[in-house]
Amino acid sequence: MILALLCTLCSSAWLASARAETASDFKMKASSNESSDATFTVTLKGSNIKDLYAYEVKFKVDPSELEVVKAETKIKGYSVSPIVKNNEVTIAHTKIGNVDGEKGEMDIATITFKAKKAGTSKVEWTSMKMLDKNLKDQVISPGQSATYMKIFKDIAGHWAKDDIMKMVDQNIVEGMDSDRFSPNSNVTRAQFAALITRALDLKEGDGKNPFADVKSGAWYEDTVKKAYSAGIISGVASNKFAPDQSITREEMSTMLMRAKAAAQGVKADTLAGTASVSFKDAGKISAWAQKSVSFAVSSGLMKGRTATTFAPKEHATRAESAVVIKRLLSAGK
């Protein structure tokens with residue numbers, strides 16, 4: 001143990017047994033950095049401390065989400081740099097020499113973390129081992145946690161920010177990289193099929209692929225097979241899916257209606273809108289998409305681009321795709 005090594009400075013061995021917890025109180029407080037570097041700190045606070053000579057603290061984290069930047073303490077002595085092993089972070093500190101332990105109210109340690117990717121990350125304070133000046137030990141399990149959400153830099157203030165981040169946390173949508181989501185970029189037919197596949201957790205099905213332009217080994221091959229088997233997608237022609245073509249809003253409506261039917265275990269043609277489409281550009285909606293647009297709008301899965309227009313032929317954006325998937329999942333609750 002790290003603390004055992006530190007305590008050789010005190011010419012004593014680590015004691016194996018723990019005594020009953022005292023009236024001392026321990027809290028973990030989190031605070032984020034207002035800058036854009038995606039760092040946040042957790043501060044371990046103690047009150048009514050009787051005699052704190054040395055400590056070893058463990059946290060549980062997901063190393064794919066967080067990295068440890070540094071650990072600091074105002075207590076004089078010797079610290080071990082944070083050690084990360086699997087999903088556990090360990091820090092330790094000891095005073096040196098024949099001196100009294102710390103008493104009263106204090107900040108025991110401050111640890112700075114940095115989020116590696118967008119979404120919510122969690123730090124759980126799992127244990128704290130302490131030694132007093134007589135080298136008696138005490139073990140506590142605080143069971144406290146703190147969360148931090150890294151938001152894509154390009155969605156701050158965006159109308160879809162909350163829905164985008166909810167879908168990120170559910171591992172349904174991803175950013176272009178760790179800092180950018182590109183909310184106003186177009187989404188392709190294959191990308192939207194992938195969102196539905198993940199959202200509904202679609203299975204392989206019969207594995208058929210009737211589309212000549214969905215090549216073996218393409219990243220979307222399995223997605224297309226699953227979505228086709230579930231009856232959610234069809235091609236722009238009998239043997240053409242056009243996976244890299246930007247999806248239009250009326251095409252999105254059709255996929256959403258079929259996805260809703262698949263989620264309910266019914267046929268899509270049994271679903272019907274409860275209200276007529278009254279947008280000024282309703283006449284521009286393709287005949288094959290009129291029913292699906294009516295259903296998508298009346299069921300709340302989609303809204304107009306403006307209060308008066310639906311924009312059926314315009315391309316859907318990445319932000320819109322995240323929002324409608326969130327609505328699809330919420331409608332099933």
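Which residue in S7 is the bridge partner of Glu-67? I began with this pairing in the predicted model, and I found that the bridge partner of Glu-67 in S7 is Lys-114.

**Entry 1, the sheet.** I then followed strand S4 and strand S7 along their shared edge and noted that they pair in the antiparallel sense over six bridges. On looking up the other pairing of S7, I recorded that strand S2 (residues 39-52) and strand S7 (residues 102-115) are also antiparallel, with ten bridges between them. Two of the residue pairs I wrote down individually: Leu-52 has Glu-102 as its bridge partner in S7, and Leu-44 stands opposite Ala-109 in S7.

Putting the strands in order, I read an open sheet of four strands, S1-S2-S7-S4, with antiparallel pairing. I marked strand S1 (25-32) and strand S4 (66-72) as the edges, since each has a single partner strand and so has one side left without a neighbour in the sheet. From one strand to the next, I noted a twist that averages 25°.

**Entry 2, two helices.** Next I looked up how helix H3 (residues 189-200) lies against helix H7 (residues 318-331), and I noted that their axes come within 11 Å and cross at roughly 25°. Because angles under 35 degrees count as roughly parallel, I entered H3 as roughly parallel to H7. The crossing in which H3 passes H7 is right-handed.

For the contact itself, I listed Phe-192, Leu-195, Ile-196, Ala-199 and Leu-200 on the H3 side, which meet Ser-321, Val-324, Ile-325, Leu-328 and Leu-329 on the H7 side. Sorted by class, the contact of H3 with H7 has nine nonpolar residues, one polar residue and no charged residues.

**Entry 3, positive phi values.** I also looked up two residues in loops. Leu-135 has a positive phi of about 65°, although it is not a glycine, and I placed Leu-135 in the loop between strand S8 (119-131) and strand S9 (137-140). Is Leu-135 buried or exposed? The relative accessibility of Leu-135 is 14%, and because buried means under 20%, I entered Leu-135 as buried.

Ser-182 is not a glycine either, yet has a positive phi of about 55°; I found Ser-182 in the loop between helix H2 (161-169) and H3. With a relative accessibility of 13%, Ser-182 counts as buried, and I closed the entry there.

Definitions and conventions. Residues are numbered from 1 along each chain as its sequence is written. This is a predicted model: local features need pLDDT of at least 70, side-chain atom pairs count only at pLDDT 80 or more; totals for chains, interfaces and linings use all residues. Side-chain values use heavy atoms; hydrogens and water are left out. Axes are lines fitted to C-alpha atoms, for helices over the stretch in contact, and angles run from 0 to 180 degrees between N-to-C directions. Angles under 35 degrees count as roughly parallel, over 145 as roughly antiparallel, 65 to 115 as roughly perpendicular and the rest as oblique. A crossing is left-handed if the near helix is turned anticlockwise from the far one by less than a right angle, and right-handed if clockwise. Contact means heavy atoms within 4.5 Å. Ala, Val, Leu, Ile, Met, Phe, Trp, Tyr, Cys and Pro count as nonpolar, Asp, Glu, Lys and Arg as charged, and the others, Gly among them, as polar. Two strands pair if DSSP finds at least two bridges between them. Buried means under 20% relative accessible area, exposed over 50%, partly exposed in between (1.4 Å probe, protein chains only).
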